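Reader: I am new to this structure and should like to understand the terms applied to it. May I put some questions about how each label is justified?

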Amino acid sequence: MSYQDVITLIMEIIGTIAFAASGAMVGMGRKMDIFGVCVLGVVTSVGGGMIRDIVLGQFPPGVFTNSVYALVATITSCVVFLMIYLKRDLLTGSFRVTYDRIMLVMDSIGLGIFTVVGVNKGIQMGYIESTFLLVFLGTITGVGGGLLRDMMAGVPPYIFVRHVYACASIAGALICVIMNRLFGAVEAMIVASSAVILLRYLAAHYHWNLPRMEWKEE
């Protein structure tokens with residue numbers, strides 16, 4: 001296994017844990033049982049990668065041929081469920097602020113890592129010159145799982161209503177593509193994922209949002 005493969009594997013595991021935790025927390029917030037919480041955790045972790053593999057014509061998608069990611073996501077979801085189940089006030093009152101901050105951190109880390117993983121997968125498949133495809137692969141890998149999570153949880157998709165989310169993924173994917181061509185894969189993945197996380201933090205801190213229509217209640 002090469003140095004690049006090791007770095008990629010480590011980042012994928014970290015991203016899987018982060019996204020699984022965010023999915024599980026959404027499930028807990030919607031008062032789902034442990035099975036529902038695990039399903040949301042797994043879907044959030046592997047959903048974007050499944051969509052990416054389908055776009056690339058990889059059948060069956062990688063999650064079904066390498067179960068380690070689904071297993072890590074399931075274990076993470078169970079741990080989150082038990083932690084919140086034993087300390088239920090984490091979802092109420094002043095603890096809700098802490099919950100929201102943890103969600104922001106987990107979602108941002110997962111978004112940054114899976115965005116660059118998606119770009120890297122496209123490059124490995126031989127599409128290094130197809131900028132639009134690589135940016136799309138990075139973005140759909142980053143936001144796809146969260147989109148499926150929110151649809152299954154019956155809440156407005158996070159990417160459409162909360163701060164700069166998909167746009168941060170697009171920017172990170174573009175940075176990853178450009179840096180990969182100039183400096184190499186490992187440097188590109190580290191810098192681009194960090195850029196996505198930083199953009200998400202700044203957007204949340206300064207309440208950056210895209211323009212949208214505000215309707216007055218009558």
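Reader: Why is Arg-149 called buried?

Author: A residue is buried under 20% relative accessible area, exposed over 50% and partly exposed in between, with a 1.4 Å probe and protein chains only. Arg-149 has a relative accessible area of 1%, and therefore counts as buried. This is a predicted model, in which local features need pLDDT of at least 70 and side-chain atom pairs count only at pLDDT 80 or more, while totals for chains, interfaces and linings use all residues. Residues are numbered from 1 along each chain as its sequence is written, and side-chain values use heavy atoms, with hydrogens and water left out.

Reader: What makes the contact of Arg-149 and Asp-107 a salt bridge?

Author: A salt bridge requires a side-chain nitrogen of Lys or Arg within 4 Å of a carboxyl oxygen of Asp or Glu. For Arg-149 and Asp-107 the N to O distance is 3.3 Å, so the definition is met. The pair joins distant parts of the chain, with Arg-149 in helix α6 (residues 131–153) and Asp-107 in helix α5, 42 residues apart. Asp-107 is buried, at a relative accessible area of 0%. Arg-149 also forms a salt bridge with Asp-150, their closest N and O atoms being 2.9 Å apart.

Reader: How many salt bridges are counted by this rule?

Author: The count is 4. One of them joins the side chains of Asp-53 and Lys-121 at 3.2 Å, N to O. Asp-53 lies in helix α2 and Lys-121 in helix α5 (residues 95–124), 68 residues apart. Arg-52, Asp-53 and Lys-121 are linked in a network of salt bridges.

Reader: How do you know that Cys-38 is in no disulfide?

Author: A disulfide is a pair of cysteine sulfur atoms within 2.5 Å. The nearest cysteine sulfur to that of Cys-38 belongs to Cys-78, 3.5 Å away, so the pair does not qualify. The structure holds 0 disulfides. For Cys-176, the nearest cysteine sulfur is that of Cys-167, 18 Å away.

Reader: Why is the span of helix α1 said to agree with expectation?

Author: Helices are DSSP runs of H or I with at least four residues, strands are runs of E with at least two, and both are numbered from the N terminus. The expected span is 1.5 Å times one less than the number of residues. Helix α1 (residues 3–29) has 27 residues and should span 39 Å; its end C-alpha atoms are 39 Å apart, so the values agree.

Reader: Is Met-1 buried or exposed?

Author: Met-1 has a relative accessible area of 76% and is therefore exposed. Its place is in the segment before α1.
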